[in-house]
Amino acid sequence: VFFFFKQKTAYEMQRGLVGSEMCIRDRDKSIVDTDKVAEYIAGLQNRDNGSFKADEWGETDLRFTYCAVSSLTLLNKIHLIDVNKTCEYILKCCNPDGAFGGVPGAESHAAYTFCAVGALAVLKKLHLINIDMLGQWLIKRQTSEGGFNGRPEKLPDVCYSWWILSSLYTVSYTHLTLPTI
C-alpha cells in the first residue's frame, strides 16, 4: 500500500506526483512496491513532449516534471522515462531572459525556474542552460526592500528567497556580490 498525504504550500498539493516524492523520500522503501510506484509515475509522462501530468486529469507544468524526475531518481527508475524528451520539454519552458515559466510560453517565475533547474540538476543536464543569463535574472529578483520577488514588478515574499537562493546555489552562481540596496 502506498499512502499519499496533503500538505498546504504556496500551491495546494494534490494526491499525485508532489505527494509521491515526499512519501518516497520519507518512507521505508521495503514496505512500498517501488516498481508499481515507478510505473505509475512513468505512465504520467506525455510521450509526445516529455512533460508530466500531475494525475489522471492531465494538468501539466514544470512542478510535476520536477517531482517525477526526483521521484524516479530516488527510486533508481529514471530509465523508465524518455529523459531526452523531458529535457527538451524543460528547455521549451526557458524564456529569452534565461529563466523558466511553468509551461512553454509562460512568464518566467522563480518557483518554476527552481523546478526546471532542479530537474536538470538531477538529470545532470545543467550544461544545457545559460547559467550566466539565468543567474542575472535570479539576482535581479532582489527588491529595494531586501527581499525577493518571483517575477519582475511584484512584491517580495519570503518563499521566493528559497526558490531563488536554491537555484543560484544549484547552478553554482554563488561567486557574485549582490548590489547594495
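These legends accompany close-up views of a predicted model.

**View 1. The whole chain is built from helices and has no strands.** Seven helices are present, with zero strands. Along the sequence the order reads α-α-α-α-α-α-α. The protein has 181 residues, and 46% of them count as buried. Among contacts with a separation of 6 or more, 58% join residues 24 or more positions apart. The exposed surface comes to about 9,600 Å². Carbon and sulfur atoms supply 54% of that area.

**View 2. Helix α2 has a buried side and another side with exposed residues.** The helix spans residues 34–43. Val37, Ala38, Ile41 and Ala42 are its buried residues named here. They lie on the same side of α2 because they cover an arc of only 130° around the axis. Lys36 and Glu39 sit on the other side of α2, and both are exposed. The general rule behind such patterns is that an α-helix has 3.6 residues a turn, so residues three or four places apart point the same way.

**View 3. Phe114 pairs with Trp162 across two helices.** The protein has three aromatic pairs in total. In this one the ring centres of Phe114 and Trp162 are 6.0 Å apart. Their planes meet at 50°, so the pair counts as tilted, being neither under 30 degrees nor over 60. Phe114 belongs to helix α5 (residues 110–122), and Trp162 to helix α7 (residues 158–170). The pair therefore ties together parts that are 48 residues apart in sequence. Burial differs between the partners: Phe114 is buried, at 11% relative accessible area, whereas Trp162 is exposed, at 52%.

**View 4. Phe114 also pairs with Trp163.** This pair is tilted too, with 5.1 Å between centres and 55° between planes. Phe114 in α5 and Trp163 in α7 are 49 residues apart in sequence, so this pair also ties together separate parts. Both Phe114 and Trp163 are buried. Ring pairs join Phe114, Trp162, Trp163 and Tyr66 into a cluster.

**View 5. Arg141 places its charge over the ring of Trp137.** The charged end of Arg141 is 4.7 Å from the centre of that ring.

**View 6. The cysteines form no disulfides.** The count of disulfides is zero. Which cysteine sulfur is closest to that of Cys94? It is the sulfur of Cys93, and at 8.9 Å the two are too far apart for a bond. Cys94 is partly exposed, with a relative accessible area of 28%. Cys115 is in no disulfide either. The nearest cysteine sulfur to Cys115 belongs to Cys67, 6.6 Å away. That is beyond the 2.5 Å cut-off, so the two are not counted as bonded. Cys115 is buried, with a relative accessible area of 7%.

**View 7. Thr86 is a buried residue of helix α4.** The helix covers residues 83–92. Is Thr86 buried or exposed? Thr86 is buried, and its relative accessible area is 0%. Leaving out residues up to four places away in sequence, Thr86 touches Gln45, Gly50, Phe52, Thr65, Val69, Ile81 and Leu123. One of these, Thr65, is 21 residues from Thr86 in sequence. The C-alpha atoms of Thr86 and Thr65 are 7.6 Å apart.

Methods:
Residues numbered from 1 in each chain as written. Predicted model: local features only at pLDDT ≥ 70, side-chain atom pairs only at ≥ 80, totals over all residues. Heavy atoms only, no water. Buried < 20%, exposed > 50% of the residue type's maximum accessible area, 1.4 Å probe, protein only. Helix = DSSP H or I, 4+ residues; strand = E, 2+ residues; numbered from the N terminus. Arc of directions from axis to C-beta. Contact = heavy atoms within 4.5 Å. Areas by Shrake-Rupley, 256 points an atom, 1.4 Å probe, with all protein chains shown as cover. Phe/Tyr/Trp six-rings, centres within 6.5 Å; stacked < 30°, edge-to-face > 60°. Lys NZ or Arg CZ within 6 Å of the ring centre and 35° of its normal.
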